[in-house]
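Okay, thanks for coming, everyone. Let me put today's protein up on the screen, and then I'll walk you through it.

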Amino acid sequence: MTVERRSFLAGAAALAVATPAAARVAAQGARYGLIGKMTAKTGQRDALAAILIEGTAAMPGCLSYIVARDATDGDVLWITEVWESKDAHVNALALPAVRTAIGRGRPLIAGMETIAETMPLGGSGSATRS
């Protein structure tokens, strides 16, 4: 098979540009992510969101913890998390501030479900910058 010089050079240039990002992703190791859906008791969504945000301000190993309102359901929150590792997530659950937030929030929760566990690779935002 003959490869045109122009095609080869274009492919080599693309590889050269992509290599630093690919190397950075590999060097970061396996990050751990969660996407969760939390349903608050009727009328309690904003109070629950405030507790979640306040209780998670300083968690070692947490690269991103985003609490968002559902656009169509007035009781639903979406929580998107990025952690340095799965162990960092597990260890955070034992922190006093997190335990307090869980205790305060539990009476406001009607339901919870994990939508997905992920392995974040990169993108914009503090969770993916080295």
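So, start with L34: its bridge partner in β4 is E117. That belongs to the pairing of β1, residues 32–40, with β4, which is antiparallel and runs over eight bridges. When I say two strands pair, I mean DSSP finds at least two bridges between them. And strands and helices here are DSSP runs, numbered from the N terminus: E with at least two residues for strands, H or I with at least four for helices.

Quick word on where this comes from: it's a predicted model, where local features need pLDDT of at least 70 and side-chain atom pairs count only at pLDDT 80 or more, while totals for chains, interfaces and linings use all residues. Residues are numbered from 1 along each chain as its sequence is written, and side-chain values use heavy atoms, with hydrogens and water left out.

Now zoom out. The protein has four helices and four strands, and along the sequence they come as α-β-α-β-β-α-α-β. The strands make an open sheet in the order β2-β3-β1-β4, with antiparallel pairing. At the edges sit β2 (62–69) and β4 (109–118), each pairing on one side only.

On the β2 side, β2 and β3 pair antiparallel over seven bridges and form a hairpin with six residues between them. One of those bridge partnerships joins A68 to W78 in β3.

Let's stay with W78. Is it buried or exposed? Somewhere in between: W78 counts as partly exposed because its relative accessible area is 28%, where buried is under 20%, exposed is over 50% and partly exposed is in between, with a 1.4 Å probe and protein chains only. Its side chain makes a polar contact with the side chain of D70 at 2.7 Å. By polar contact I mean a pair of N or O atoms within 3.5 Å; within protein, one must be able to donate a hydrogen and the other to accept it, and residues adjacent in sequence count only if both atoms are side-chain atoms. Leaving aside neighbours within four places in sequence, W78 also has contacts that include I35, V67 and I115, contact being heavy atoms within 4.5 Å.

Also in β3, residues 76–83, is E81. This one is buried yet has no salt bridge, and the nearest side chain of opposite charge, K86, is 12 Å away. For charges, Lys and Arg are positive, Asp and Glu negative, and His and the chain ends aren't counted. A salt bridge is a side-chain nitrogen of Lys or Arg within 4 Å of a carboxyl oxygen of Asp or Glu. What E81 does have is a polar contact between its side chain and that of W83, at 2.8 Å.

So how many salt bridges does the structure hold? Three. Remember E117 from the start? Its side chain meets that of K86 in a salt bridge, 3.5 Å from N to O. K86 lies in helix α3 (residues 86–92) and E117 in β4, so this pair ties together parts 31 residues apart in sequence.

Next, E54 and R104 meet at 3.0 Å, N to O. E54 is in helix α2 and R104 in helix α4 (residues 96–105), so here the parts tied together are 50 residues apart.

And then there's D46 with R69, where the closest N and O atoms are 3.1 Å apart. That pair links helix α2 (residues 45–54) to strand β2, 23 residues apart.
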